[in-house]
Every structure is written in C-alpha cells, then in structure tokens.
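Hello,

Here is the structure I promised to pass on to you. Have a look at it first, and then read my notes underneath.

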Amino acid sequence: MTSRKWVHLFWTTLVLGGALTLLTSFVVKADAYAQVLQPFDFFELIGLLLFFSGLGFIFSIISQMGFFAYLTVHQFGLGMFKGLWPAIQVFLIVFTLFDLVYFRYQAAGEGASLWPYLLTAFALLAVSYVVARIKRKETNSKAFIPALFFMVVVTTVEWVPALQSEGQVYVWLMIIPLLACNAYQLLLLHRLNNKEPKRK
C-alpha cells in the first residue's frame, strides 16, 4: 500500500460521505429545506448545503478513523488470541446487536415499541452480511467474520453519538454515510493492495 493509494482512499471516502449525507438530508431534513425555499433564500440554501456536506465530511473521517482502528485491533487480536479470535469476534457481534436493541429500548422508557429497535439491528446485520459475503467472494473464506465484525461492531461504535442524540434525524443522517463509507473502504482495500483474489 503506497501513500498515493491511501490519499486516494481518503479523498474518495471523504467525497462519498459528504455526498451521501447531503442526499440523506434532503429526506430527513426536508422541513429545513422547505423553510428556505418558501420564500426562496439563496444564501440560507447555500448555508444548508454546506452544513450537511461538512457534516458528511466529519462522518467520513469518523468512518476512516474507525477503519484504521479496526485494522490495528484485528492484527492485535490475531496475534494475542490466534485461533480464538474468530469466536471472540462472533461473540462481540452478537453482544453489539443485543446492546443495540435492548439498551436503546430500555432507554426509550415505558410505552416504546420494541420493533423499531429490532428492525434497526436486523437491517444493520443484513447490510453487513451482504458486504461480508462480497468480501469473502473477492478474497478468501477467512475474511467473512472480520468483515462482518467491522461492519456491525465498528459501525455501531462510530454511530454512538447519533444514537445518544434526541430524535431520529441524526440517527438516520449518520448511519447511511457510515455504512457506505465503511463498506467502500473494506471492499476497496484488497484492490488497492494489488493482490490476486484467493478463493477457497
């Protein structure tokens, strides 16, 4: 991996995060855009576009920090736990999904429905599973569990600031670019390393 390739990964991930957050804001913050369009206020509109793009850049940087942390933790886990590392990752995946449902449901208070939290965890797992399958197909069978771990556990850790905020706006505004940026980095890494795919 050369510095030029890392720079390419950084900038493309940054643009991806900014663009997707901006597009997501058109849906989850449609009311804010409606206010500046009726009546039309050009400078307010530019301010909104810059704000959500900048927010997306921040989400992208969080994603990239998480990715580099994951690479370090993965190598540490392989060295320390050796053959137990896959099982530990599976346990952490299950615990994270449980945490994503149970503790958020408990914090919601009485009268809250469990279904939104179950569906959120299931959607995260489904997207992560698809990405992990692609990673395994393009590299080797041993890549599946680490890829699933990264997509579920690391994405959830990165998502914590939005999960702790009030309301659902920033929950959705953050998770879409995070998932996209994490999947993009994970699936691009082996291509940038210029290694032939190994299949088993």
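Below is what I found, helix by helix.

This is a predicted model, in which local features need pLDDT of at least 70 and side-chain atom pairs count only at pLDDT 80 or more, while totals for chains, interfaces and linings use all residues. Residues are numbered from 1 along each chain as its sequence is written, and side-chain values use heavy atoms, with hydrogens and water left out.

Let's start with H5. This helix (a DSSP run of H or I, at least four residues, numbered from the N terminus) covers residues 115–138. Its 24 residues reach 35 Å from first C-alpha to last, close to the 34 Å expected (1.5 Å times one less than the number of residues). Among its buried residues (under 20% relative accessible area, 1.4 Å probe, protein chains only) are Tyr117, Leu124 and Lys135. The buried residues of H5 pack against helices H4 (85–108), H6 (144–163) and H7 (169–192).

Next, how do H6 and H7 meet? Their axes (lines fitted to C-alpha atoms over the stretch in contact) are 9 Å apart, at an angle of about 150 degrees (on a scale from 0 to 180 degrees between N-to-C directions). That makes H6 roughly antiparallel (over 145 degrees) to H7. Contact here means heavy atoms within 4.5 Å. Among the residues making it are Phe150 and Glu158 of H6 and Leu178 and Asn182 of H7.

Finally, find Ser63 in helix H3 (residues 42–81). Ser63 is buried, with a relative accessible area of 0%. Leaving aside neighbours within four places in sequence, Ser63 touches Glu158, Leu178, Cys181, Asn182 and Gln185.

Enjoy exploring!

Terms used: Helix = DSSP H or I, 4+ residues; strand = E, 2+ residues; numbered from the N terminus. Buried < 20%, exposed > 50% of the residue type's maximum accessible area, 1.4 Å probe, protein only. Parallel < 35°, antiparallel > 145°, perpendicular 65-115°, else oblique.
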